[in-house]
Amino acid sequence: MTDAIEKDEEAKKVLVTKNAAIEEDVEAKKVLSWVREMYAWDIALALLGWVREMYAWDIALALLGVNMVTTEAPHSPLIVQPPADHRLGPAAMCHYTWGAIYNDTTHEIFRWEKRDFTDPKHALKVPKLDLPPKEFKEGAWHLQGHEPVTKDMHELLTDMLTMMNKAIDTLPDLTDKRIP
C-alpha cells in the first residue's frame, strides 16, 4: 500500500501540457505559464492558427531564455517528418506532419493524407492505410507542392506506413462501443 501511495504522490508532480508531460519544478512552472499565455494571445491564434499548440512550448522556452540543442533532420537522433525528410538517418521515429499525394502530369497516383481520417468512425475502427506504389518510377511523380518524389522519400514513406499498418493491426474494433 505504501508503494501505491508513493507512486500516486510522484504522479501528482507531473504536469501535463497537451501531448507532453514534464516534472514539476520552478522552471517548468514558468514555461507552463508562458504556454498558457500563448493560448490567450489573439495574435498567436491569428498568426499560427491551430499549430500554436506545437509552437507554444518553443516560444515559452525562448522567452525564458532556455537554450535547447536540436539537430535538424536527417541528422536528428529523435525524429524525421516524411515526406519533408527523405531518409530516416539516426532518428528513432517518424512523425506524420503532413500527407503525401503523388501526382504525375495528369492525375493523382497515390494519396496518404491524415486529414482524410477525421471521421469519428476512423477512431472506432482504424482503417489500414494504402501504401505507395510498389514499383518506384524515377522522375515520374511529384508531391502536391510539386516537389519531386525521390526514391529515398518513397522508401521512407512506405516504411512508415507499413509500420503504422502493423500498429493498426493490433487495435481493437470499437464500432460496437460507440455511444449514440
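Leaving aside its neighbours within four places in sequence, which residues is Asn103 in contact with? Keep that one in mind while we get our bearings. What you're looking at is a predicted model, and the protein has 180 residues, of which 24% are buried. It holds six helices and six strands. Walking from the N terminus, the elements run α-β-β-α-α-α-β-β-β-β-α-α. If you take the contacts with a separation of 6 or more, 45% of them are between residues 24 or more positions apart. As for the outside, the accessible surface comes to about 12,800 Å², and carbon and sulfur atoms account for 57% of that.

Now back to Asn103. You'll find Asn103 in strand 5, which covers residues 100-103. The partners we asked about are Glu108, Ile109, Ala140, Trp141, His142, Leu143 and Gln144. Is Asn103 buried or exposed? Its relative accessible area is 17%, and since buried means under 20%, Asn103 counts as buried. The side chain of Asn103 also reaches the backbone oxygen of Ile101, at 3.5 Å.

Take a look at the rest of strand 5 while you're there. Ala100 and Tyr102 point one way, Ile101 and Asn103 point the other way, and all of them are buried. Strand 5 has a partner, too: strand 6, residues 108-112, pairs with it in the antiparallel sense over four bridges. One bridge to pick out by eye is the one between Tyr102 and Phe110 in strand 6. The two strands form a hairpin, with four residues between them.

Strand 6 leads us to the charged side chains. Side chains of opposite charge can pair when their charged atoms come close. The structure holds six salt bridges, so where do Glu108, Arg111 and Asp116 come in? They are linked in a network of salt bridges. Glu108, which we already met as a contact of Asn103, meets Arg111 side chain to side chain at 3.5 Å, N to O. Arg111 in turn meets Asp116, at 2.7 Å, N to O. How accessible are the members of this network? Glu108 counts as partly exposed because its relative accessibility is 39%, Arg111 counts as partly exposed at 37%, and Asp116 counts as partly exposed at 35%.

Another salt bridge joins Asp169 and Lys128, with the closest N and O atoms 2.8 Å apart. Why does this pair tie together parts that are 41 residues apart in sequence? Because Asp169 lies in helix 6 (residues 151-169), while Lys128 lies in the loop between helix 5 (120-124) and helix 6. Asp169 is exposed, with a relative accessible area of 52%, whereas Lys128 counts as partly exposed at 46%.

Staying with charged residues for a moment, find Arg115 in the loop between strand 6 and helix 5. Arg115 counts as exposed because its relative accessibility is 54%, and exposed means over 50%. Its side chain makes a polar contact with the side chain of Glu113, at 2.8 Å. Arg115 and Gly99 are 16 residues apart in sequence, and their C-alpha atoms are 8.1 Å apart in space.

Finally, head back along the chain to helix 4, residues 52-63. Which residues of helix 4 are buried? They are Arg52, Ala56, Ala60 and Leu61. Helix 4 is followed by Gly65, which has a positive phi near 75°. On the other side of the helix in sequence, Trp50 is found in the loop between helix 3 (42-48) and helix 4. Trp50 is exposed, with a relative accessible area of 62%. Trp50 also belongs to a nonpolar patch on the surface, formed with Met54 and Tyr55. Together the three have about 380 Å² of accessible area.

Definitions and conventions:
Residues numbered from 1 in each chain as written. Predicted model: local features only at pLDDT ≥ 70, side-chain atom pairs only at ≥ 80, totals over all residues. Heavy atoms only, no water. Patch = residues over 30% accessible without salt bridge, like charges linked within 9 Å, V, L, I, M, F, W, Y side chains within 5 Å. Areas by Shrake-Rupley, 256 points an atom, 1.4 Å probe, with all protein chains shown as cover. Salt bridge = Lys/Arg side-chain N within 4 Å of Asp/Glu carboxyl O. Buried < 20%, exposed > 50% of the residue type's maximum accessible area, 1.4 Å probe, protein only. Contact = heavy atoms within 4.5 Å. Polar contact = N/O pair within 3.5 Å; in protein donor to acceptor, adjacent residues only side chain to side chain. Pairing = 2+ DSSP bridges.
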